[in-house]
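User: Hi! I'm new to reading protein structures. Could you walk me through how to spot a few features?

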Amino acid sequence: MYLATTGRRDAPPPSAPGGGRRRVPATVLALGTVSLVTDISSEMVTAVLPLYLVVGLGLSPLQFGFLDGLFNGAAAVVRLLGGHAADRGGRHKRVAGLGYALSACSRIGLLLAGGATGQIAAALAMDRVGKGIRTAPRDALITLSSPPHLLGRAFGVHRAMDTTGALLGPLAAFALLWATADAYDAVFVVSFCTGLLGVLLLVLNVPADATPNQTPTRGAGKPFGSLRAAAFRRVLYAAALLGAATVGDSFVYLLLQRGLDIPAGWFPLLPLGSAAAYLLLAIPAGRVADRVGRRLPFLYGHVALLGVYALLLVPAGGPALALVLPVLILLGVFYAATDGVLMALAAPALPDGGRAGGLALLQTAQALTRLLGTAGFGAAWTVWGPRPALWVAAGALCLSLAGGWALLPGTPTPPDPERPTA
């Protein structure tokens, strides 16, 4: 094995398929297309769901918030099960396909539910379970099909395609509502058909499951076997620590709207601004991470988030765009430099047979600590007000950055076979 002869886990052998190519593998492009189409489907529903449930069916905001929070938390737990199932026998494509199919079928559940709260809850649960199941196996497929020196770029391309779908979904939903005079059923039907198209693209274009031949790795295939790898544990602890100091996007947008008196009608456009910045920067951030190492871009992404906090603490004054645009751009930088880059940073520390389970554990830990951080910020806002709460969040992020710097391993950048060496 190459690891045994070189001592380098993150370097590909000279004969590795695709090791000398700079192009992103076809499997990554196929998975990106599936994610693009699926995100159009899911974001069509996400964009109209609050209006449908609160305005159309008369649910209270508290009921809607409870349902949404409950199922988002459940998805984090299901993600662990999906990662473990994918690693058993290398069934990454099949488990991911099950997740995509469940999310698509949940649209039919919404269509048939009518005004029954129980059936709506079941449909939402199916959607969140599907998303939780598919995420880790999909990311594991990206890492297993990409040369180590291109992991950052591969995730950047995938996340850019994924975000394109997230931008197109709400536009398609509101266009349908305008064309059909607010017929939510039409949105659910089109979303279902689009979701099925995503499943079909996965079946036809993503290669069949194949785990590379390998010697058995201690801990591989076990739900928490990835914790045996010291390098992975350090990445996990750093991601969890930094996640706890992350304020939810909704609070960022709300602080912008309140601080600048942005009209309520413009509020839904704020997430589109940060998503557009993420879309434009995801691939460049991945390429930079491949060249300089993934540790620094991941940490600097959180420095960009600290810049968001600092701008929100600036007293209001002057034109709104002078503050809105930098905040949205920095938020896009934060996601571009952390989302896929974190997966590329962790993957080389995981065995092939435990890749999905390890990434699922990392994603779950980060999601839960971000949930705690957001809840803590909301409590601090309630008790002290927005500005003191933001000062506390900025201080916590500074401490977390220092901890992340100490925790993250300073692994060398994977070599590019086509880059000349001195």
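Analyst: Sure, let's start with salt bridges. A salt bridge is a side-chain nitrogen of Lys or Arg within 4 Å of a carboxyl oxygen of Asp or Glu. Keep in mind that this is a predicted model.

User: How many salt bridges does that rule give here?

Analyst: The count comes to seven. One of them joins the side chains of R107 and D127, at 3.0 Å from N to O. R107 sits in helix α4 and D127 in helix α5, 20 residues apart. Both R107 and D127 are buried.

User: Which parts of the chain does the R159 and D339 pair tie together?

Analyst: Those two side chains meet at 3.2 Å, N to O. R159 is in helix α6 and D339 in helix α12, so the bridge ties together parts that are 180 residues apart in sequence. R159 and D339 also belong to a network of salt bridges with R138 and D139.

User: Is R159 buried or exposed?

Analyst: Buried means under 20% relative accessible area. R159 has 7%, so it counts as buried. D339, with 29%, is partly exposed.

User: What about disulfides: how many does a search of the whole structure find?

Analyst: A disulfide is a covalent bond between the sulfur atoms of two cysteines. Here the search finds zero. As for cysteines, C105 is partly exposed at 37% relative accessibility, and C193 is partly exposed at 45%.

User: Which residues form a nonpolar patch on the surface?

Analyst: L197, L200, V203 and L204 do, with about 390 Å² of accessible area together. L204 lies in helix α7 and counts as exposed, at 63% relative accessibility.

How values were computed: Residues numbered from 1 in each chain as written. Predicted model: local features only at pLDDT ≥ 70, side-chain atom pairs only at ≥ 80, totals over all residues. Heavy atoms only, no water. Patch = residues over 30% accessible without salt bridge, like charges linked within 9 Å, V, L, I, M, F, W, Y side chains within 5 Å. Areas by Shrake-Rupley, 256 points an atom, 1.4 Å probe, with all protein chains shown as cover. Helix = DSSP H or I, 4+ residues; strand = E, 2+ residues; numbered from the N terminus. Buried < 20%, exposed > 50% of the residue type's maximum accessible area, 1.4 Å probe, protein only. Disulfide = S-S within 2.5 Å.
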